[in-house]
Amino acid sequence: MKILLVFDFDNTIIDDNSDTWIVQCAPDKKLPIELQDSYQKGFWTEFMGRVFKYLGDEGVRENEMKTTMTSIPFTPGMVELFNFIRKNKDKFDCIIISDSNSVFIDWVLEAANFHDIFAKVFTNPAAFDNNGHLTVENYHAHSCNRCPKNLCKNVVLVEFVEKQLQQGVNYTQIVYIGDGGNDVCPVTFLKKNDVAMPRKGYTLQKTLSRMSQNLEPMESSIVVWSSGVEIISHLQFLIKE
């Protein structure tokens, strides 16, 4: 009987946003105004597609992007948390559900040698095309009106848990570790035994505290964290229970 740990990536595993971090590769480390202004709410993946095309057109190559991406710092205590999880592999399964992309996440996990921690990574698929440009696609289509059109993290989580159940894997509880607005949807569907772990001072935590003030029902418990070391403490408590 294992606990399922669900991680967001940007501002959770890494201490920044990978999509905005990559702008350091651009000339003068900034995007042209008309490109910045082309973003439409809910269509971030399409916007990033244009950013990657711009970087490619400006001669930014894969190795330069990789060097930049792997210089992103991990969030405090995250390395310690992953080492703790690795030592307790028999007790946890880990997945990532992220609105970043597969290339960025692979680079970061490989560089730090943490790929083996995660059973699955659910994110927008990305690849370099024949021109050396990074291209990105939407992860899936869904009908949830609370989430950006390319990714509903709740749909992904529910499908994963159901698939695991079909293969005889039943989780005692889910611990969801995240920070952003797109983590609100999956967190509100967690059950009584589950744990929502929002990062202190970020959108998810602020939204959950507003919801509790409005007396909107939430079944799971909420444990706020600032460092991965605090997450370790809570996981130690859960596996002792």
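How many aromatic pairs does a search of the whole structure find?

## Aromatic pairs

In this predicted model, the search of the whole structure yields 15 aromatic pairs. One of them joins Phe 82 and Phe 114 in an edge-to-face arrangement, with 5.0 Å from centre to centre and 70 degrees between the planes. Phe 82 belongs to helix α5 (residues 78-87), whereas Phe 114 sits in the loop between α6 (102-111) and β3 (120-124), so this contact ties together parts that are 32 residues apart in sequence. Both Phe 82 and Phe 114 are buried.

A further pair is formed by Phe 84 and Phe 92: the ring centres are 6.1 Å apart and the planes stand at 50 degrees, so the pair is tilted. Phe 84 and Phe 92 are each buried.

## Aromatic cluster

Phe 82 and Phe 114 also belong to one aromatic cluster, together with Phe 7, Phe 74 and Phe 118.

## Internal cavity

The count of cavities of 30 Å³ or more comes to 1. The largest cavity has a volume of about 40 Å³. Its lining consists of Asp 19, Trp 44, Thr 45, Met 48, Phe 52, Asp 99, Ser 100, Asn 101, Asn 124 and Val 136.

Helix α3 (44-57) and strand β2 (92-101) each supply at least two residues of this lining. The largest share, 4 residues, comes from α3. By residue character, the lining of the largest cavity divides into 4 nonpolar, 4 polar and 2 charged residues.

Definitions and conventions: Residues are numbered from 1 along each chain as its sequence is written. This is a predicted model: local features need pLDDT of at least 70, side-chain atom pairs count only at pLDDT 80 or more; totals for chains, interfaces and linings use all residues. Side-chain values use heavy atoms; hydrogens and water are left out. On a 1 Å grid over the protein atoms alone, a cavity is a set of points where a 1.4 Å probe fits but cannot get out, and a pocket is an open set with protein on both sides within 12 Å along at least five of seven lines; lining residues have an atom within 4 Å of a point. Grid points are joined across faces, edges and corners, and a volume is the space filled by probe spheres set on the points. Ala, Val, Leu, Ile, Met, Phe, Trp, Tyr, Cys and Pro count as nonpolar, Asp, Glu, Lys and Arg as charged, and the others, Gly among them, as polar. Rings of Phe, Tyr and Trp (its six-membered ring) pair if their centres lie within 6.5 Å; planes under 30 degrees apart count as stacked, over 60 as edge-to-face and the rest as tilted. Buried means under 20% relative accessible area, exposed over 50%, partly exposed in between (1.4 Å probe, protein chains only).
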